[in-house]
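Student: I should like to take a close look at a single part of a protein model. Could you please guide me through it step by step?

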Amino acid sequence: MSIRVFVLANCLLLWTHAATVAAAQETVPISLGIDGDSFTLNGKRTFLLGISYYGALGASDEIQKRDLLEAKRLGMNWIRIWATWAAFDNDVSVVDRNGKPVADHVKKLQSLVARCEQLGLVVDVSLSRGNGVSGPPRLQNLEAHRRAVHAIVSALKDYRNWYLDLGNERNIKDQRFVSFEELKELRAEARRLDPRLLVTASHAGDMSKEDVREYLANVKVDFLAPHRPRNAQSPGQTEAKSREYLAWMKELNRVV
């Protein structure tokens, strides 16, 4: 290959990369909503496809930008982060164990959500009480958990491209456990602070009919968030499980 052709090839690669970045940055800011049994982005029914990016707040600004652009390039429109993430001697939690905001990490969260808004990405912001394995347990009582909800909803009230998971896999019976009655209180607090915010609570494993009833009629989540079993058979079962949940919701006269 001649030097002239080599230089031209590299210029084309650089131009293609720059065009990809520019196109991603010019995306119209998005607003997340719900229409019946579907999510919407700017009013259009949309399937959310994304990745878990739990420790996003620990990434440098440069790495975070690169990761989000790559997710966008691959066709993603959704990421999931934890607001209570501590692992490997690094704690990048937005709130402390008592639910009080950590100023520097609140700013990082706001910056991340703003960047995702411009890229057309939805952000799942998840809380977890933790089990003490990868980091210290936190939010171990309702008041601490309520303070955390208040801190996060208040910090992100100007954005419409995110939703709140009140408790990651909240049904596991260890330090992570959050009762339905606690969830009901926390959901009410979030609604008081921002009536338009979508709120859920994720569930480890498949739900029973009574679980669905509690989430919809008692807690009043905006959508269900089951974390289906992790085994080879699970993907092939998901359609049938989803249809079963929809049938139960119709019986309860509330389809989400």
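Student: How many bridges join strand 2 to strand 3, and in which sense do the two strands run?

Tutor: Strand 2 and strand 3 (residues 44-46) are joined by 3 bridges and run antiparallel. Some conventions should come before the details. This is a predicted model, in which local features need pLDDT of at least 70, side-chain atom pairs count only at pLDDT 80 or more, and totals for chains, interfaces and linings use all residues. Residues are numbered from 1 along each chain as its sequence is written, and side-chain values use heavy atoms, with hydrogens and water left out.

Two terms also need their cut-offs. Strands (E, at least two residues) and helices (H or I, at least four residues) are DSSP runs, numbered from the N terminus. Two strands count as paired if DSSP finds at least two bridges between them. In general, strands of a sheet pair through backbone hydrogen bonds, either parallel or antiparallel.

Now consider the other partner of strand 2. Strand 1 (residues 32-35) pairs with strand 2 (residues 38-41) over 4 bridges, again in the antiparallel sense. Within this pair, L32 stands opposite L41, and I34 stands opposite F39. F39 also has a bridge partner in strand 3, namely T46. F39 thus links to I34 in the one direction and to T46 in the other.

The turns come next. The hairpin of strand 1 and strand 2 has 2 residues between the strands, and G36 takes a positive phi near 65° there. Strand 2 and strand 3 likewise form a hairpin with 2 residues between them. In that turn, N42 has a positive phi of about 55°.

Taken together, the strands make an open sheet of 3 strands in the order 1-2-3, with antiparallel pairing. Strand 1 and strand 3 are the edge strands, because each pairs on one side only, where pairing is judged by DSSP bridges. On average, neighbouring strands of this sheet are turned by 50° against each other, with direction ignored. For such angles, axes are lines fitted to C-alpha atoms, for helices over the stretch in contact, and angles run from 0 to 180 degrees between N-to-C directions.
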